[in-house]
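Student: I have a structure to read and many terms to apply. Please take me through the reasons behind each label.

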Amino acid sequence: MAIQPLSSVRVTGASPDVTTTYATCDGSLDLSKLESLAATRFDRRSLRAANLTPYKTFREFEDTIHTRLGIGGGDGGRKAMRLLARVQAGMEVKRVDSLYRTMVLERPVTYEVADRALEHFADLEASYAKMLDESSKLKTLERLPELQRDLSDAQRRTLIIEQFGVGQTGPTPFQLWRLRTELGLLDAAVDQNCQDRRETQAAFDKSATEEADQEARLDAIAEEKRANGGDAIDARQRQIQELRSRQDDAYAASIRFQERTRALELVTPETSEEFVQAQSDAAEFLQAYDDREEQLRHDEAEILGERAPVMSRRAELMAEQSSLKSRTGMMPDGLHIARVKMAQAAGLDPMEDLPFVGELIDVLPEEESWRKAIETTLGGLARTVLVDKEQLEHLSASIESVSIRPRIRFQAVGLEPHEAWKGDPTFVSGKLAYKESMFSKWVQGRVSSAGVDHECVSTAAALSGRGARVTASGQTRNGNRGAHGESNDGNVIGFSNERRLADIEAELDATAPLLRAIDDRLQQVRERLASLRSQREAHRYVQDCSWTSIDRLGIARRIEEIEGEIARLRENSSLLDELQTQEDRLKQLLSDSRRARILASDQLEKLNKEHSRLVTEQDLVISGIDPIEQQQSAVVTEEQQTYLDDMFASSWDTTSLKSFSANMKALRTRLDQELNTAKRDQTKATKAMEAMFEQYKQRWTEHNLGVTVASADGFREIFDRITSEGLHERRDRWRREFAAWSSDDLLRLNDAFDSALEDIEKRLTPINRILKRLPFGGKGVLQIKHQRLGNEDLGKFRRDLRTLSSGLAMELTDHQVEARFKKLREFMAKISIPVGHTKSSTSQRDRYLDVRHHVMITAVCKDEHGREVATYDSLGGKSGGETQELVAFIVGAALRYQLGDETRSRPRFAPVFLDEGFVKSDSEFAGRAVRAWQSLGFQLIIGAPLDKVTALEPYMDLLLLVTKSAEGYSFVSELKDAPTDDGGDQYRVAV
């Protein structure tokens with residue numbers, strides 16, 4: 001059989017186009033015959049015509065070679081060739097485990113199954129990402145239909161209101177609607193006016209007729225009464241009428257008397273004697289009034305004198321409180337205001353550029369009991385303002401013309417960076433904290449200087465001695481000089497004014513009860529003074545009043561007496577009594593008729609005037625409507641009519657003509673507001689949509705859409721498409737795909753792990769069977785052992801794989817499915833190759849998928865009784881020969897296994913080429929290694945440098961020497977041993 005890879009070359013331009021074709025031929029092949037086929041670029045049909053069998057792929061070509069040569073079965077040939085390639089590569093091996101794993105074991109099937117699972121998972125993840133993407137799009141655009149409705153409604157309202165022309169002059173739809181509405185009200189008002197005039201005229205005529213009839217009947221009764229002596233009754237009735245008029249005045253005067261004397265709690269007199277007594281009491285009161293008023297005024301002045309200093313102090317405290325709340329430090333308000341004036345004049349910051357010394361120091365919390373002593377000794381220095389030396393002249397010149405009160409001291413100092421400093425705690429300077437400031441270095445030096453700093457002593461007796469000293473109560477002594485006492489300015493030292501604010505609040509709280517007591521006393525005096533003045537006015541009224549003006553009871557008694565006289569006169573004449581009864585009845589009827597006539601007359605006059613006004617207004621309105629309708633200069637559509645009618649009826653009385661003008665003004669205002677609201681709604685909806693579109697475009701750019709409202713329809717198509725496809729259905733479909741994928745691909749991956757491990761274990765049996773036939777190291781036979789490795793991380797990986805491959809219950813909630821998918825994604829990340837990773841695998845991926853690392857392989861040597869006499873794990877301490885012997889045994893046995901004919905005495909294809917084989921071994925180890933290969937039935941063809949041949953020489957059958965001439969030609973020569981004693985030749989073979 002001839003095996004030939006054929007190449008044809010076609011030159012195109014500057015670079016050749018090379019095509020390789022693989023073919024075999026049963027039998028011998030004359031290569032010269034291929035020259036004519038090259039012109040066809042080894043076309044397959046021409047190859048077949050020449051009794052050659054072409055192949056599409058190298059894999060097919062390789063399988064044919066392996067099958068014809070008997071190198072393995074199925075995929076065993078490729079495995080055997082890869083094994084030989086690894087042996088030939090001369091990889092450094094330090095452990096038996098690594099030797100077996102790298103040279104004997106193939107890449108496990110878990111990689112291939114995992115890659116298929118990852119490929120399918122990528123599709124599932126893409127579906128999941130697509131589902132989430134669509135869900136995110138829908139969520140981003142979820143308000144789009146609502147916003148489109150809002151925008152459309154706002155645009156419609158804007159258009160319809162603008163078309164009304166509310167603010168325009170001349171004929172407009174709004175003006176025409178207003179005129180028609182007003183005309184309708186005027187028509188209804190005129191109709192109602194006409195009806196009211198007819199009814200009022202009828203009432204007037206009836207009342208006038210009744211009035212005339214009743215007057216005639218009263219005249220007849222009066223004539224008849226005179227004829228029967230009725231003049232006496234008439235005279236008494238006129239007298240009663242006069243008394244009743246006076247009685248009303250007296251009643252009103254009596255009520256007024258009660259009101260004006262309410263301050264006296266005086267009961268209205270019912271007799272003249274009671275009235276005379278009331279006037280006498282009034283005279284007595286008025287005589288003593290001046291003295292009583294003067295005494296109350298004196299009491300008021302005394303109380304105001306007590307109140308003034310309290311109010312003044314509270315005002316000062318509240319002013320200081322207000323000032324302190326806007327700044328730090330505890331300086332009194334007056335000093336702070338003076339400092340602010342200086343800063344304003346010089347253009348400086350009052351707090352940063354002109355600090356008081358007291359604002360740069362504070363009493364340490366643990367030294368608070370010494371505050372009084374510190375305030376006493378440093379009070380003057382604390383009230384000094386510090387200024388940068390560089391600013392001194394500028395400050396001095398700026399404040400020269402400024403009036404500053406109170407007088408304030410300032411000190412120019414050099415600015416230096418702040419340094420932490422702790423003084424002697426037995427002195428005042430050591431009980432202070434210093435604020436970080438460019439002035440603090442000077443402050444530290446000043447407060448600790450002699451004459452300023454004081455030693456703190458616990459008792460007055462300890463004040464004696466050298467230097468300035470101070471007690472906790474504030475008493476100071478310096479030699480023979482001393483001082484004691486308190487100022488009224490309060491504490492001024494401290495970074496924070498919280499303590500001062502608390503003191504102010506406490507003092508305000510303390511003065512509040514005193515002020516309330518003073519105010520209560522003042523209120524009582526003023527109430528007494530007001531009551532006294534009210535009583536004076538009441539007594540004056542009593543004196544000015546007369547008894548007859550309020551004697552309503554006397555008038556009532558007189559009326560009662562006259563009525564008695566009339567009753568007696570009527571008792572003496574039954575005719576007069578009857579006539580009087582009729583007259584009384586007719587007088588009441590006449591009064592009612594006259595009142596009704598007068599009211600009807602007034603109403604008629606009003607109605608006539610109203611009718612005239614309404615008709616005039618009708619004419620004006622009609623004169624406004626007619627030109628518009630005739631010229632068609634404005635038209636009110638049905639939609640506009642409904643809109644305006646509904647708005648008018650919603651807030652105003654549509655039947656009121658009187659309030660029509662005011663209602664129209666209010667309606668105009670409402671329409672302006674509605675127009676502004678519609679425009680705002682339009683802008684709001686537009687901005688919301690554009691913000692939504694911008695948010696969308698930030699994440700998705702697959703659609704050529706803008707971010708303005710003009711693209712709303714395009715975005716709505718996206719929204720409608722997603723909605724119509726149904727996210728719920730998409731999720732259910734993905735859920736089913738997820739369940740199917742989990743139960744198929746992951747189950748296969750789980751099985752692949754088990755089968756890969758079993759394959760490693762099964763492979764050991766035939767290899768050990770082969771090795772069992774070969775003597776090893778003169779000690780026995782070599783055998784391969786394995787042990788599965790326990791690893792928590794790997795165990796968790798396998799548990800997660802079994803869990804995730806157990807199938808997905810469809811009754812799980814979406815949240816549970818999401819959680820499981822996220823866990824699955826984390827799991828798949830462990831066996832995937834990250835995007836952008838340049839290598840074929842990662843250490844993490846190999847840790848989980850390469851089951852060769854999940855077992856430990858060791859080699860043991862067993863004697864004829866099966867006892868282990870030696871164990872081979874690490875090869876680090878072995879010589880080169882020992883290592884090569886071990887490799888030869890293990891790899892040779894594995895190669896026989898890969899060739900698939902380990903049961904035969906010799907392999908089908910025995911030649912094995914080894915480049916520089918056994919060059920590191922001495923003759924003993926090399927011999928054992930060569931015998932191992934030969935025992936396995938292999939024919940070794942070894943290439944080695946000439947100086948390395950001696951170790952192999954005893955085992956050669958043929959020795960060929962390859963040399964190269966100076967001209968570059970190579971020659972092969974056979975080397976022979978010297979003749980033997982019997983005259984024959986002995987051959988050794990090595991290539």
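Tutor: Start with aromatic rings: rings of Phe, Tyr and Trp (its six-membered ring) pair if their centres lie within 6.5 Å. In this predicted model, Phe174, Trp177, Phe648, Trp652 and Phe660 form one aromatic cluster.

Student: How many aromatic pairs are there by this rule?

Tutor: The count comes to 14 aromatic pairs.

Student: What makes the pair of tryptophan 421 and tyrosine 434 edge-to-face?

Tutor: The centres are 5.6 Å apart and the planes make an angle of 65°. Centres within 6.5 Å make a pair, and planes over 60 degrees apart count as edge-to-face, so both conditions are met.

Student: Why is this pair said to tie parts together?

Tutor: Tryptophan 421 is in the loop between strand E6 (410–413) and strand E7 (432–434), while tyrosine 434 is in strand E7, so the pair ties together parts that are 13 residues apart in sequence.

Student: Which of the words buried, partly exposed and exposed fits tryptophan 421, and which fits tyrosine 434?

Tutor: Buried means under 20% relative accessible area and exposed means over 50%, with partly exposed in between. Tryptophan 421 has 36%, so it counts as partly exposed. Tyrosine 434 has 10%, so it counts as buried.

Student: Why is the pair of tyrosine 696 and phenylalanine 715 called edge-to-face?

Tutor: The planes are 85° apart and the centres 5.3 Å apart. The angle is over 60 degrees and the distance is within 6.5 Å, so the label holds. Tyrosine 696 belongs to helix H19 (residues 660–699) and phenylalanine 715 to helix H20 (residues 712–725), and the two are 19 residues apart. Tyrosine 696 is buried at 1% relative accessibility, and phenylalanine 715 is buried at 0%.

Student: How do you know that arginine 107 sits over the ring of tyrosine 111?

Tutor: The charged end of arginine 107 is 3.9 Å from the ring centre of tyrosine 111. The distance limit is 6 Å, and the charge must also be within 35 degrees of the ring normal. Arginine 847 likewise lies over the face of tyrosine 848, at 5.1 Å from the ring centre.

Student: What does the largest nonpolar core contain?

Tutor: This core has 53 residues, and those with the most contacts inside it are Met828, Ile831 and Tyr872. Helix H21 (residues 727–771) gives the most to this core, with twelve residues. A second, separate core has 38 residues, including Leu432, Phe439, Val443 and Ile493.

Student: Which residues is isoleucine 831 in contact with, leaving aside its neighbours within four places in sequence?

Tutor: They are Ala114, Leu118, Leu749, Phe797, Arg845, Tyr848 and Leu849. Contact here means heavy atoms within 4.5 Å.

Student: How many disulfides does a search of the whole structure find?

Tutor: The search finds zero. A disulfide would need a pair of cysteine sulfur atoms within 2.5 Å.

Student: Why is cysteine 194 called partly exposed, and what is cysteine 861 called?

Tutor: Cysteine 194 has 21% relative accessibility, which lies between 20% and 50%, so it is partly exposed. Cysteine 861 has 0%, which is under 20%, so it is buried.

Student: What makes the side chains of strand E16 alternate?

Tutor: In a regular strand the side chains alternate between the two faces of the sheet. In E16 (residues 911–915), Val912 and Leu914 point to one face and are buried, while Pro911, Phe913 and Asp915 point to the other and are not.

Student: How do you know that E16 pairs with strand E17?

Tutor: Two strands pair if there are at least two bridges between them. E16 and E17 (residues 939–943) have five bridges in the parallel sense, so they pair. Aspartate 915 stands opposite glycine 943 in E17.

Student: What makes strand E8 (455–456) and strand E11 (481–483) edge strands?

Tutor: Each pairs on one side only. They belong to an open sheet of four strands in the order E8-E9-E10-E11, with mixed pairing. Strand E10 (residues 476–478) runs antiparallel to E11, and three bridges join the two.

Student: How is the pairing in the sheet E12-E13-E14-E15 described?

Tutor: The pairing is antiparallel in this open sheet of four strands. E12 and strand E13 (residues 780–788) have two bridges. The requirement is at least two, so they pair.

Notes. Residues numbered from 1 in each chain as written. Predicted model: local features only at pLDDT ≥ 70, side-chain atom pairs only at ≥ 80, totals over all residues. Heavy atoms only, no water. Core = buried A, V, L, I, M, F, W, Y, C linked by side-chain atoms within 4.5 Å. Buried < 20%, exposed > 50% of the residue type's maximum accessible area, 1.4 Å probe, protein only. Phe/Tyr/Trp six-rings, centres within 6.5 Å; stacked < 30°, edge-to-face > 60°.
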